[in-house]
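Me: I would like to go through this protein model with you, one local feature at a time. Please reason through each point before you settle on a name or a value.

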Amino acid sequence: MSIRLSPLFSDGMILQRDTELKIRGFCNPNEFVSVSFAGKTAAVKADENGFWQNTLGKFDADCEPQSLIISSAGETVTIRDVLIGDVWLCSGQSNMELWLSRVCHNYPDEMSVVNPLIRQLKVPQVYNFKAPIDEFGLSECEWKSFSPENAPDFTAAGYFFAKKLYERYKVPIGLLACAVGGTPVSAWMSRDMLKNGGYSDELSEADRCKDDDFIKNTILAEEADTNDYHKRLNDSDEGLNQGWMNADFDDTEGWENVSLFAPLNKRGVYWYRKTLDIPEELWGKKATIFIGTAIDMDEMFISGTGMERPEKIGETYYRYPPREYSFSLPAGKLTIAVRLLVFGNSGGFTKGKNCFIATDSRTIDIGNIGGTWKRRLGTEFESPEPQTFFSYKPTGLYNGMISPLFTTALKGIIWYQGESDTGNPEPYAEKLTAMINGWRKSWGMSLPFLLTQLAYYDDTGNMDTEHLSFWDRLRERQKQCLSLPDTGLAAAYDLGEHNDLHPQNKRDIGERLARLAMRVAYGENLPPNMFEMYNIKNK
């Protein structure tokens, strides 16, 4: 057996300062293994299964790259560009996962920054329901430093958190990006946490998912149902059959003149058309169309002067991502056609979003002040069957993504999650408290745990008080988790956007979490701040 290391050990890694540096792996049974790093060397003998663990002691923060060298039986593995600093776990659901590419227009200067002392490792998104996996069971992953090439894939909140800490302490900051959109807290909990809390229904659901055939057959059956659904929907869609995306299609009969944001109250496929005269100075220029978000799925086509046939320039499969599609402007007229699929009882484009075409020299409004659109129903259709997301199921992400990290030394944890639990907020504090305690026990220390308050959001569009009260009740449950020591809660309500589940201002969220870290994890005595609550009574 050759030397085998955890996928977490790779070029560019950041190791936690001021903690015992432990290096683990496998080699030939009963062989000696030598590990060298930053002037220290230690040797240990592998056991009869080939497992070994070497301890090199504690190291101060170091911004100068070092090499970690492992040797055994004539074989040598070298991990290069290793730094010593602070490592933070960034976990939760989509607002923590949300990458910088989704907010890049808010922070254009950040996208050109080069900082090799801020690095991220994206933990592979894997679920497992049979048992917790260890670090050696992880899929391949790699550390990446912050640069224009890598910036789009960084967690946005995590990046601004890391940037603030780096500016403050001038030590390398490593981020373990370990968040999955749409996940309830139970997905991040172990069986023992759920069992001790009496959550028998969720345990039963986790048990069902232990059956590989159940998961495989469910996925195959739902894929087949989805393909059949879209085939039947497409076959009945007059717009596809009659070419409503073509520039020369006659849209004078049977089409409504409406605002892009006019609501829809039927399930089915709606078509939108708009024709523009493109100024000569923009002919042939690269452009991007921004059309906000929509419920539920869309495809966009362009056609126009000099184009032999319509060009499909983009599609988005669900409601939350902003639609941004790039293309080249024709020399003359441009026809935009959007095919919008509404799967529920209501849908449409999101009111309040800016909708425009942008080039490097100007913008053309196509939404708020850009006049009306042509609209027509292509077909009415039934709703699709609900999809099963196994990454949402209880224990799956705890076993597949959190458990492999327990041997990795951390400075602390930042957490942004809860939107998926607003439908049943009552047990949230109990669940999250159990999760925090369980994670801390497995890491062997009272790691600082910093929560993000749910931002304001109104997905009803009409300030429905019952809906809002569910979100408010979960925010109260978040506060209750501060009964645990070494915890903090960063305010985010004021940063919310009524029409976007994913508020764009991730800078303030990251910086508020960083300020909490300065108190809870770094022990600073800072002036009072209205945007944070914390419990550091054990410090």
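Me: Which residue in E21 stands opposite Phe-290?

Reply: Bear in mind that this is a predicted model. Strand E14 covers residues 286-290 and strand E21 covers residues 356-358, and the two pair in the antiparallel sense over 3 bridges. Within this pairing, the residue in E21 that stands opposite Phe-290 is Phe-356.

Me: Which strands stand at the edges of the open sheet that has the order E18-E14-E21-E22?

Reply: This open sheet consists of 4 strands with antiparallel pairing, in the order E18-E14-E21-E22. Two of the strands each have a single partner strand, so one side of each is left without a neighbour in the sheet; these edge strands are E18 (324-328) and E22 (363-365).

Me: By how many degrees are neighbouring strands of this sheet turned against each other on average?

Reply: The sheet in question is the open one with the order E18-E14-E21-E22. With direction ignored, its neighbouring strands are turned against each other by an average of 20 degrees.

Me: Are helices H2 and H10 roughly parallel or oblique to each other?

Reply: Helix H2 (residues 156-169) packs with helix H10 (residues 506-520), their axes lying 7 Å apart at an angle of about 45 degrees. The crossing that the helices H2 and H10 make is right-handed. Angles under 35 degrees would count as roughly parallel, and H2 and H10 are therefore oblique.

Me: How many of the residues that line the largest cavity are charged?

Reply: A search of the whole structure finds 1 cavity of 30 Å³ or more, and about 30 Å³ of space lies in the largest cavity. Its lining is made up of Asn-95, Tyr-416, Glu-419, Ala-455, Tyr-456, Tyr-457, Trp-471, Asp-500, Leu-501 and Pro-503. When these lining residues are divided by character, 7 are nonpolar and 1 is polar, while the number that are charged is 2.

Me: Is the peptide bond from Ile-295 to Asp-296 cis or trans?

Reply: Asp-296 is found in the loop between strand E15 (294-295) and strand E16 (297-304). The peptide bond that leads from Ile-295 to Asp-296 has an omega near 15 degrees, and this bond is cis.

Me: What is the phi of Asn-30?

Reply: Asn-30 belongs to the loop between strand E3 (22-26) and strand E4 (32-37). Although Asn-30 is not a glycine, its phi is positive, with a value of about 70 degrees.

Conventions. Residues are numbered from 1 along each chain as its sequence is written. This is a predicted model: local features need pLDDT of at least 70, side-chain atom pairs count only at pLDDT 80 or more; totals for chains, interfaces and linings use all residues. Side-chain values use heavy atoms; hydrogens and water are left out. Two strands pair if DSSP finds at least two bridges between them. Axes are lines fitted to C-alpha atoms, for helices over the stretch in contact, and angles run from 0 to 180 degrees between N-to-C directions. On a 1 Å grid over the protein atoms alone, a cavity is a set of points where a 1.4 Å probe fits but cannot get out, and a pocket is an open set with protein on both sides within 12 Å along at least five of seven lines; lining residues have an atom within 4 Å of a point. Grid points are joined across faces, edges and corners, and a volume is the space filled by probe spheres set on the points. Ala, Val, Leu, Ile, Met, Phe, Trp, Tyr, Cys and Pro count as nonpolar, Asp, Glu, Lys and Arg as charged, and the others, Gly among them, as polar. Angles under 35 degrees count as roughly parallel, over 145 as roughly antiparallel, 65 to 115 as roughly perpendicular and the rest as oblique. A crossing is left-handed if the near helix is turned anticlockwise from the far one by less than a right angle, and right-handed if clockwise.
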